[in-house]
Every structure is written in C-alpha cells, then in structure tokens.
Amino acid sequence: MSKILCGDAAEVLKTLPQGSANMCVTSPPYYGLRDYGEENQIGVECTPQEYIERLVEVFAEVYRVLTNDGTLWLNIGDMYANRTWGAVKQKDLMGIPWTLAFALRERGWYLRSDIIWHKTNCLPESVKDRPSKCYEHIFLLSKSSKYYYDYKAIQEPIKEVTAERYKRGRSDNSKYYGKGNDLLQNINRPHDDYSTFDQQYRRKRDVWEVSTNTYKMDEHLAMFPEKLIEPCILAGSKEGDTVLDPFFGSGTTGAVAKRLGREYIGIDLNPRYLEKAEMRIAQVIPEKPYGNASDRVEEQPREVGGFAEKPQAG
C-alpha cells in the first residue's frame with residue numbers, strides 16, 4: 001500500500017521492513033545549493049565529504065529496504081566550489097556525482113550506468129571562462145549482478161534512415177565489414193536482401209533529452225520532471241510493485257508511480273511539501289503503460305531460488 005512518511009530519511013528508512021520496495025528513484029538535495037529551512041536537512045554540511053557520508057548512510061538503508069533484484073536510480077548534479085576544501089580549490093568542479101557513485105560502489109552497490117539528463121531548455125549562465133552547464137547525472141545502481149530491468153518497456157523507435165540502412169544490407173566489400181571479424185554487429189554483416197526487415201524499436205540509449213519541469217509547486221524549486229523518471233519506473237518495476245523515494249519533495253515519484261500502476265513509499269523532512277504532494281497525487285488518474293510497454297515479456301517470480309531471468313537482466 002502506498003504511503004507518505006515525514007522525517008529524516010535515514011531514520012525513517014530504518015522503520016521499513018527489509019525487501020519492502022522493488023526499486024528506488026530519487027534526487028537528494030544538492031550540496032550547498034539551497035537551504036530548505038529544516039533542521040537536520042541534507043545539503044548544508046560544512047564539507048562535501050560530510051555531505052557524501054550522510055547520503056551513503058541513507059542509501060545503506062535503501063539497500064536494505066530494496067528486494068534483492070531491486071535497483072536505485074539516482075539523479076544528482078554537480079556544483080562548483082566557492083572555497084577550498086583540501087585538494088578542491090575555489091572554482092573547481094567538485095565532482096560530487098562521481099564521488100557519491102564511487103562511494104556507493106565501495107559499499108556493495110553495482111554501478112551499472114551513468115545516464116546523462118540533457119536539459120533541452122536549461123537556464124543560461126553568465127560565466128565567461130567555461131561552457132554553460134546543460135546536463136545532470138542519473139546513476140543506475142543495483143544490489144546484484146542480476147536484477148529486474150524491463151528493456152522492452154522503454155525501447156525507442158528507430159529512425160527511418162536506420163530502417164532503410166538495414167534493408168539495403170551490406171556487401172562483403174563494405175569498409176565496415178572487415179573479413180574474418182566474428183564480432184561484427186548484425187547491421188554490418190553482409191546481406192544480399194533484407195527487404196523484409198520490420199524492426200521498429202531499439203534499446204534506450206544513455207543520453208535522455210528532457211526539458212526541465214513544467215509542474216510548479218510553491219516553495220519547492222528543485223523538482224525533477226515526470227518524463228525524466230517515467231523510463232526509470234517502467235524499466236525498474238512491474239505494475240503493482242512498490243517504488244521508494246526517500247527525498248520525496250513535491251511528490252513527482254508518487255505521481256508517476258500511481259499513474260503507471262505502481263505503489264509508492266515517499267519520505268521527506270518537510271511536512272509542507274508532503275501535504276502538497278499528497279494533494280497532487282490525489283488528482284492523478286492511473287493509466288495503462290504507454291508506448292510498447294504492453295508488449296512485455298512474461299513475468300517471472302522475483303526471489304525464488306535466485307533472481308528473475310526475464311525481463312532481461314542488465
């Protein structure tokens with residue numbers, strides 16, 4: 001059953017049973033970016049290392065709460081230092097996302113993918129000594145080397161030029177062929193006639209072009225877009241599964257989870273955000289999975305003598 005809980009993320013997570021969520025998608029407060037005015041909030045620590053340590057503590061509990069085939073989809077951005085901390089100099093790009101990703105990997109998480117969120121309508125910057133920022137990271141992490149990942153649910157339509165290239169085939173004189181190479185992709189193997197080619201989709205790539213949020217909520221200025229986390233939830237869970245977000249904020253994760261037929265557990269320190277998130281989610285109407293998600297592989301048990309073999313493991 002879906003629920004929203006108010007309190008410190010690490011402490012509230014300790015009250016949840018082991019294996020009570022199938023996946024987690026979240027975006028913690030970024031370091032030194034905003035003061036939300038709450039006691040014990042994350043993001044206002046004295047040093048970047050303290051910030052990383054607090055997040056590691058939270059995600060250690062997330063690890064426990066997830067099922068063995070569960071995944072964590074972690075959205076986090078980088079920032080520039082406004083003073084010196086050890087080897088980090090003023091004006092340095094701090095490398096917060098990768099510092100956190102490596103810290104989680106050291107504590108047992110499998111680091112499976114670095115997805116780039118390309119903001120197609122990013123805000124301009126006034127800087128004149130570096131390029132303007134237009135992306136953030138979404139790290140896909142798992143508890144095991146085998147985990148639930150429904151690649152069919154998030155496949156992308158192939159471009160018309162790709163379909164035509166497949167149909168034309170290749171001759172064995174093609175510069176892409178390379179005689180004696182048994183490791184060629186199928187598209188580069190010689191084909192006399194491939195006119196019946198009817199493939200419509202390709203695997204989703206790791207650069208996602210999504211505009212920043214169109215949904216606005218008073219007081220909360222750092223909401224991630226619904227379109228950004230839809231593929232995370234579709235690939236990382238089945239209908240009826242439970243999606244966890246320990247930094248629930250405006251309730252985007254809950255809204256998308258409900259719309260896609262999932263349950264959710266949301267945690268946040270700010271009771272005002274949670275009250276408004278609850279009202280937002282109450283207005284959401286569940287719908288059928290979109291795109292080709294209805295054409296999904298047969299469901300398999302999650303944790304009976306191992307991990308799910310289908311949908312395809314990552």
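## Close-up views of a predicted model

**View 1. Phe59 and its surroundings in the predicted model.** Leaving out residues up to four places away in sequence, Phe59 touches Thr26, Leu72, Leu74, Leu104, Trp109 and Phe247. Keep in mind throughout that this is a predicted model. Phe59 is one of the buried residues of helix 2.

**View 2. The largest nonpolar core.** This core holds 38 residues, and the members that touch the most others are Phe59, Val62, Leu104 and Leu244. Two or more residues come from each of helix 1 (9–13), strand 2, helix 2 (48–65), strand 3, helix 3 (96–106), strand 5 and strand 10 (263–268). Helix 2 is the top contributor, giving eight residues. A second core, separate from this one, has 32 residues, among them Val25, Ile154, Phe224 and Tyr264. As background for both, nonpolar side chains tend to be buried together in soluble globular proteins.

**View 3. Helix 2 and what covers it.** Here is a quick check on geometry: at 1.5 Å a residue, the 18 residues of helix 2 should span 26 Å, and its end C-alpha atoms are indeed 26 Å apart. The buried residues of helix 2 are Pro48, Tyr51, Ile52, Arg54, Leu55, Val56, Val58, Phe59, Glu61, Val62 and Val65. Their cover includes helix 1, strand 2, strand 3, helix 3 and strand 9.

**View 4. Two salt bridges that involve helix 2.** Both Arg54 and Glu61 appear among the buried residues of helix 2, and each has a charged partner to look for. Arg54 forms a salt bridge with Glu45, with 3.2 Å between the closest N and O atoms. Are these two residues buried or exposed? Both Glu45 and Arg54 are buried. Glu61, for its part, meets the side chain of Arg64 in a salt bridge at 2.9 Å, N to O. These two residues sit three places apart in helix 2, so about one helical turn separates Arg64 from Glu61. In general, an α-helix has 3.6 residues a turn, so residues three or four places apart point the same way. Arg64 is partly exposed, with a relative accessible area of 25%, whereas Glu61 has 15% and counts as buried, the cut-off for buried being under 20%.

**View 5. A salt bridge between helix 5 and helix 6.** Arg259 and Glu226 bring their side chains together in a salt bridge (3.2 Å, N to O). This pair links distant parts of the chain, with Arg259 in helix 6 (residues 252–259) and Glu226 in helix 5, 33 residues apart. Arg259 is buried, at 13% relative accessible area, while Glu226 is partly exposed at 25%. Both belong to a network of salt bridges that also links Lys227, Glu230, Arg280 and Glu287. If you would like to survey the rest, the whole structure contains 16 salt bridges.

**View 6. The eight-stranded sheet.** Eight strands make up an open sheet with mixed pairing, in the order 1-10-9-2-3-5-4-8. Strand 1 (3–6) and strand 8 (207–209) are at the edges with a single partner strand each, so one side of each has no neighbour in the sheet. From one strand to the next, the twist averages 20 degrees. As a reminder, the strands of a sheet pair through backbone hydrogen bonds, either parallel or antiparallel.

**View 7. Strands 2 and 9, with helix 5 lying across.** Strand 2 (residues 21–26) and strand 9 (residues 242–245) are paired in the parallel sense over two bridges. Which residue of strand 9 is the bridge partner of Cys24? That partner is Leu244, a residue already met among the best-connected members of the largest core, those that touch the most others. Helix 5 (residues 226–236) lies across strand 2, strand 3 (66–76), strand 4 (110–118), strand 5 (135–142), strand 8 and strand 9, and runs at about 165 degrees to strand 2.

**View 8. The loop between strand 3 and helix 3.** Gly77 is found in this loop, and so is Lys91. Gly77 is buried, with a relative accessible area of 3%, whereas Lys91 is exposed at 57%. Leaving aside neighbours within four places in sequence, Gly77 is in contact with Tyr30, Pro97 and Glu136. Gly77 and Gly95 are 18 residues apart in sequence, with 9.0 Å between their C-alpha atoms. Lys91 deserves a look at its backbone: its phi is near 85 degrees, a positive value in a residue other than glycine. For context, most residues other than glycine have a negative phi.

Conventions. Residues are numbered from 1 along each chain as its sequence is written. This is a predicted model: local features need pLDDT of at least 70, side-chain atom pairs count only at pLDDT 80 or more; totals for chains, interfaces and linings use all residues. Side-chain values use heavy atoms; hydrogens and water are left out. Two strands pair if DSSP finds at least two bridges between them. Helices (H or I, at least four residues) and strands (E, at least two) are DSSP runs, numbered from the N terminus. Axes are lines fitted to C-alpha atoms, for helices over the stretch in contact, and angles run from 0 to 180 degrees between N-to-C directions. Contact means heavy atoms within 4.5 Å. A nonpolar core is a set of buried Ala, Val, Leu, Ile, Met, Phe, Trp, Tyr and Cys residues joined through side-chain atoms within 4.5 Å. Buried means under 20% relative accessible area, exposed over 50%, partly exposed in between (1.4 Å probe, protein chains only). A salt bridge is a side-chain nitrogen of Lys or Arg within 4 Å of a carboxyl oxygen of Asp or Glu. The expected span of a helix is 1.5 Å times one less than its number of residues.
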